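Reader: Could you take me through one part of this model closely? I would like to hear about the charged side chains that pair up, and then about whatever else helps to fill in the picture.

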Amino acid sequence: MSKLPYEVQTEPVLPLSVLSPEGEIVNPDLMPALTDDQLKEIMYRMVFTRTWDERAVNLGRQGRLGFYAPVSGQEASMVGSEYALNKDDFVCPGYRDMPQIVWHGLPLYQAFLYSRGHQHGGQIPEGVNVLMPQIIIGAQILHATGVAMAFKKRNEKRVAITYTGDGGSSEGDFYEGLNFAGVFKLPVIYCVQNNGYAITTPFEKQTAALSIAHKAVAAGIKGVQVDGMDVLAVIKAVSDAAERGRNGEGATLIELLTYRFRPHSMADDTSKYRTKEEEAEWSLKDPLTRFAKFLEKKGLWSDEDTARVKEEAKAAVNENIKKAEATEKMTVSGLIDSMFESTPQYLEEQKADFQ
Amino acid sequence: MAQMNMKEAIRDAMRVELKNDPNVLVFGEDVGKVGGVFRATEGLQGEFGEDRVFDTPLAESAIAGMAVGMGIQGFRPVAEIQFVGFIYEALDQMFIQAARMRYRSGGRYNSPIVFRTPFGGGVKAAELHTDSLEGLAIQTPGIKVIVPSNPYDAKGLLVSAIRDNDPVFFMEHLNLYHAFRQDVPEEAYTVPIGKANVVREGSDVTIIAYGMMVHTAVKAAEELEKSGVKAEVIDLRTLLPLDIDTIVASIQKTNRAIVVQEAQKTSGAAAEIIAQINEKAILHLEAPVLRVAGPDTVYPFAQVEDAWLPNPARVIAAVNKVLEF
């Protein structure tokens with residue numbers, strides 16, 4: 001008697017890629033339609049973000065920033081995915097996803113205030129369609145699902161996008177969100193930035209699945225794996241997913257294969273779990289180098305441009321950290337008043353102890 | 001006016017608010033077509049459509065989390081968690097995400113959500129259907145906690161909860177759904193959140209209770225009256241914010257009090273109520289404030305429920321203790 005073939009899916013997926021590490025277009029069919037100015041703007045944002053990240057790490061060491069999750073290496077994944085959205089699309093970020101909400105409209109000094117632990121960091125300006133970074137891994141997946149449900153109920157041609165890491169894909173909320181989006185056919189994009197590690201735990205210890213993109217199968221939604229160091233591939237994947245969402249075709253799971261060049265957080269030591277060889281191998285895939293090579297060949301970018309953007313970014317960081325530091329200090333009575341629409345009597349009484 | 005039991009009054013609250021405000025949505029497990037496992041939402045989908053009243057997959061965290069996402073987009077979700085014991089699956093979304101949204105965003109976003117859930121013993125239900133988990137909720141900054149004890153209050157409080165711009169945990173006692181009928185206005189009306197109700201006046205002792213225990217307390221008070229003891233019974237209605245003023249006013253008159261709750265002794269709301277009495281009325285007390293509560297065990301197996309739950313005899317014993325102190 002033969003045995004049952006207990007196999008659902010054994011084919012590995014191939015990551016979607018547009019640009020080779022040498023900056024050559026390898027998949028012209030998938031090249032997103034972008035003008036020269038747009039291509040330059042994307043490069044500008046990635047260089048700006050890299051510089052901001054380097055400066056933020058230093059500001060953290062100086063005690064001028066608090067909680068900070070480095071992003072270097074993930075610029076294509078973060079900047080590219082946000083660039084593919086419309087401004088009225090809604091972003092539900094995880095704790096590392098500050099670049100997306102800043103490029104979506106949150107002023108940089110407020111991002112710094114969030115890092116420093118100031119309430120004004122979360123006071124998103126009217127018209128900026130983002131939530132504050134989410135600390136509970138997976139919770140944001142459900143918020144994006146609800147936001148997408150609201151868009152669908154109001155027949156608005158908008159999508160919600162949310163981000164988590166490879167570790168986050170092991171959470172129950174991750175699966176629940178995808179599953180709800182499948183059932184209700186919601187305009188939502190779930191981006192998993194798979195940088196290979198959840199703090200010290202490698203991807204192989206999160207799941208025996210061949211990829212995170214495969215997990216879309218369990219929810220009956222579309223899934224795709226993308227080279228997350230290739231900004232053009234990221235833009236293509238998110239643009240198409242957004243179009244699908246707006247057309248009422250439902251949700252998409254996008255796995256972005258990427259790498260963080262820096263530690264998980266300021267308290268992390270990568271030398272305990274990563275090798276120099278691995279880091280060197282990934283540095284060859286640096287999204288900035290790759291995209292710069294592509295633009296240089298088109299005569300759209302030069303080293304001088306990079307140097308200029310770095311200076312601009314440094315100046316912007318300096319100006320914004322000063323603005324953050326000059327922001328009025330919070331008070332306990334102010335916190336009490338922000339708990340409810342109108343402050344109940346028991347909290348009014350507690351305020352008296354702090355005035 | 002119509003005669004309604006508490007379940008019908010709760011349904012009517014949702015009906016009038018679905019009618020009044022297009023942003024009100026009702027959803028949860030089996031709340032749509034069949035109208036809920038207790039029929040608390042029966043007929044609502046038929047009247048308002050699948051777009052407003054709908055079933056969800058079986059996942060409490062996603063039900064609550066989706067409510068949070070819709071809440072920041074201006075909808076007013078009334079999300080049902082089928083039984084109280086299942087709120088543990090949704091605690092992050094209810095008690096962290098919804099409860100902190102206004103604070104975390106400095107007022108930019110809020111969570112105008114009602115989380116409805118049935119709870120409460122005496123109906124021989126299966127495990128984890130009847131636990132009194134209001135104590136978890138009242139220790140959560142940012143969420144209001146309501147436990148009605150009768151049809152009139154249930155409708156008025158639920159209308160208030162749906163109109164409130166902050167999240168509300170709304171607990172519906174299983175044993176009260178069909179217990180009795182009462183005159184309830186058919187139109188929308190509100191009962192204020194945070195206001196207790198003196199349901200029986202007395203001058204010798206104050207009995208503070210909520211939910212099913214209000215009825216247990218009233219039965220005890222009726223018995224006590226036969227022996228000449230006049231007990232005042234306060235129905236708290238809202239546990240957070242707590243109406244400490246009504247409690248203190250009563251104690252100033254009676255100088256003695258007990259708190260009756262169905263939850264285990266070290267859970268629930270009684271300890272907090274006693275602490276506040278201690279802070280605000282100690283000079284009016286002739287005796288310590290005692291608790292009548294469930295013992296500190298896991299909620300009882302159905303077969304021993306009646307012995308475990310507080311009953312009028314235990315309330316009377318506690319009253320006699322404070323009277324004889």
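Author: Happy to. One term is needed at the outset: a residue counts as buried when its relative accessible area is under 20%, as exposed when that area is over 50%, and as partly exposed in between. Please keep in mind that this is a predicted model.

Let us begin in chain B, with the salt bridge between the side chains of R116(B) and E172(B), where N and O are 2.6 Å apart. The two partners come from distant parts of the chain, 56 residues apart: R116(B) belongs to strand β5 (residues 114-119) of chain B, and E172(B) to strand β7 (residues 168-173) of chain B. How accessible are they? E172(B) has a relative accessibility of 0%, so it counts as buried. R116(B), at 2%, is buried as well.

Chain A offers a pair with another setting. K351(A) and D337(A) meet through their side chains in a salt bridge of 2.9 Å, N to O. K351(A) sits in helix α13 (residues 345-351) of chain A and D337(A) in helix α12 (residues 332-337) of chain A, so this bridge ties together parts that are 14 residues apart in sequence. Here K351(A) is buried, at 8% relative accessibility, whereas D337(A) is partly exposed, because its relative accessible area is 35%.

Also in chain A, R158(A) forms a salt bridge with E156(A), and their closest N and O atoms are 3.2 Å apart. R158(A) is the buried partner, with a relative accessible area of 13%, while E156(A), at 30%, counts as partly exposed.

For the wider view, the count over all chains comes to 40 salt bridges.

To fill in the picture, let us return to chain B for a pair of packed helices. Helix α8 (residues 244-254) of chain B packs against helix α9 (residues 270-281) of chain B at an angle of about 60°, and their axes are 10 Å apart. The two helices, α8(B) and α9(B), are therefore oblique to each other, and their crossing is right-handed. On the α8(B) side the contact is made by I244(B), I247(B), V248(B) and I251(B), and on the α9(B) side by I273(B), Q276(B), I277(B), K280(B) and A281(B). Sorted by class, this contact of α8(B) with α9(B) has 7 nonpolar, 1 polar and 1 charged residues.

Key:
Residues numbered from 1 in each chain as written. Chains lettered and ligands numbered in written order. Predicted model: local features only at pLDDT ≥ 70, side-chain atom pairs only at ≥ 80, totals over all residues. Heavy atoms only, no water. Axes fitted to C-alpha atoms, helices over the stretch in contact; angles between N-to-C directions. Helix = DSSP H or I, 4+ residues; strand = E, 2+ residues; numbered from the N terminus. Parallel < 35°, antiparallel > 145°, perpendicular 65-115°, else oblique. Left-handed = near helix turned anticlockwise from the far one by under 90°. Contact = heavy atoms within 4.5 Å. Nonpolar A, V, L, I, M, F, W, Y, C, P; charged D, E, K, R; others polar. Salt bridge = Lys/Arg side-chain N within 4 Å of Asp/Glu carboxyl O. Buried < 20%, exposed > 50% of the residue type's maximum accessible area, 1.4 Å probe, protein only.
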